[in-house]
Amino acid sequence: MRGLRILLAMVWLHMLRSYRFTFSLANWGVIDFLWLSIYILAVLAFTEPVSYPTVVPLLFWAVIAWSFMSSPVWMIGNWMRFYVNEGIMESHEVSNVSHTLFLSLRFIPSLLMALASAIAASTVLVVVTGVNPLRVENPLLLGLALATLLAQATMYALILAYTSLYIGTPAPALDILTFMMFVAGGVGVPVSSLPEPLRALALILPYSHPSEVMRYAVVGLEPYLGLRAELALSLAYAALLYTLLKVIESKALRKARIVGVKGIGWT
């Protein structure tokens, strides 16, 4: 019962903070979309209108995938600085509260950012193309793909958070992969459409596999390695990231418990 009460308290805290920062989260979500609008408009410029019914839904869900990938780096990874500097970590430590569980629930504001991006993206795509971007052929499979993508991104963000705790550098300063993984990692572009060197890179990166499943669920685009293989690799990469997270978490917390924690800054 104690564990359930702690979990509910954590969920309530993150929901309350999200409510208090609703306008900020919506603003960040729209800004996130505006950055990607360059990619969206570039794709539309080189797409025949007859292909819009297929391309527009792919573009829309690529925006959602980007939001699921990028926002945890800030919402979880960068929040470790606040977590330490405000003394929350010490209070949770003496109360025997899971730091990882608390930080991972920061995916709640990430979902609000994704919702803001989705509203902005769908509005623009409908106005520009007249096509419904919410088209989905297999909603359950799409939900599984997005949930796996969000789980992978959350664990990646937690890895960055604990790395920042270990070395005292903010997580966003450690992150050099997220935007590259969207552009060249098989998220914004189907793996089969990438040139050969980038295709090989995409296949060894985790986000490409749930993204291939996502595209299959949205418009029936056949996954590069087949649906079963992509599902298996999506879960395998999630397990690998979880294992890496537990290793880095153990090292970071062990160091913190021996020598204490220090403020995480930009200098």
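## A salt bridge beside a loop residue

E137 and R135 are joined by a salt bridge, and their closest N and O atoms are 3.0 Å apart. As you explore this pair, keep in mind that the model is predicted. E137 is partly exposed, because its relative accessibility of 47% falls between the 20% limit for buried and the 50% limit for exposed. R135 is partly exposed as well, with a relative accessible area of 30%.

Now look at V136. This residue sits in the loop between α7 (107-129) and α8. V136 is partly exposed, with a relative accessible area of 26%. What does V136 touch, not counting residues up to four places away in sequence? The answer is W61, L142, A217 and V218. Y216 is 80 residues away from V136 along the chain, yet the C-alpha atoms of these two residues are separated by 9.3 Å.

## More salt bridges, this time in helices

Side chains of opposite charge can pair when their charged atoms come close. How many salt bridges does a search of the whole structure find? It finds four. One of them links E196 with R199, where the closest N and O atoms are 3.2 Å apart. Both residues belong to helix α11 (residues 196-204), and they are three residues apart, about one turn of the helix. E196 is partly exposed at 49% relative accessible area, whereas R199 is buried at 17%.

Another salt bridge connects K246 with E249, with 2.8 Å between the closest N and O atoms. You can find both in helix α13 (residues 227-259), three residues apart, about one turn of the helix. Is E249 buried or exposed? E249 is buried, because its relative accessible area of 10% is under 20%. Its partner K246 is partly exposed, with a value of 35%.

## Aromatic rings in pairs

A pair of aromatic rings is described by the distance of the centres and the angle of the planes. The whole structure holds six aromatic pairs. In one of these, Y39 and F182 meet edge-to-face, with 5.3 Å from centre to centre and 80° between the planes. Y39 lies in helix α2 and F182 in helix α10 (residues 178-184), so this pair ties together parts that are 143 residues apart in sequence. Y39 and F182 are both buried. Ring pairs also link Y39, W66 and F182 into a cluster.

Y83 and F102 give you a stacked pair: their ring centres are 5.6 Å apart, and their planes meet at 25°. Since Y83 is in helix α4 (residues 79-85) and F102 in helix α6 (residues 99-104), the pair ties together parts that are 19 residues apart in sequence. Both of these residues are buried.

## A threonine in helix α8

T148 has its place in helix α8 (residues 139-167). It is buried, with a relative accessible area of 10%. A polar atom of the T148 side chain lies 2.8 Å from the backbone oxygen of L144. Leaving aside neighbours within four places in sequence, T148 is in contact with P210 and S234.

## A nonpolar patch on the surface

Which residues make the nonpolar surface patch of about 640 Å²? They are W28, V30, I31, L34, W35 and I38. W28 is found in helix α2 (residues 22-45), and its relative accessibility of 42% makes this residue partly exposed.

Note on methods
Residues are numbered from 1 along each chain as its sequence is written. This is a predicted model: local features need pLDDT of at least 70, side-chain atom pairs count only at pLDDT 80 or more; totals for chains, interfaces and linings use all residues. Side-chain values use heavy atoms; hydrogens and water are left out. Patches are made of residues with over 30% relative accessible area and no salt bridge: like charges are joined within 9 Å, nonpolar side chains (Val, Leu, Ile, Met, Phe, Trp, Tyr) within 5 Å. Accessible areas come from the Shrake-Rupley method with a 1.4 Å probe; for residues, only the protein chains shown count as cover. A salt bridge is a side-chain nitrogen of Lys or Arg within 4 Å of a carboxyl oxygen of Asp or Glu. Helices (H or I, at least four residues) and strands (E, at least two) are DSSP runs, numbered from the N terminus. Buried means under 20% relative accessible area, exposed over 50%, partly exposed in between (1.4 Å probe, protein chains only). A polar contact is a pair of N or O atoms within 3.5 Å; within protein, one must be able to donate a hydrogen and the other to accept it, and residues adjacent in sequence count only if both atoms are side-chain atoms. Contact means heavy atoms within 4.5 Å. Rings of Phe, Tyr and Trp (its six-membered ring) pair if their centres lie within 6.5 Å; planes under 30 degrees apart count as stacked, over 60 as edge-to-face and the rest as tilted.
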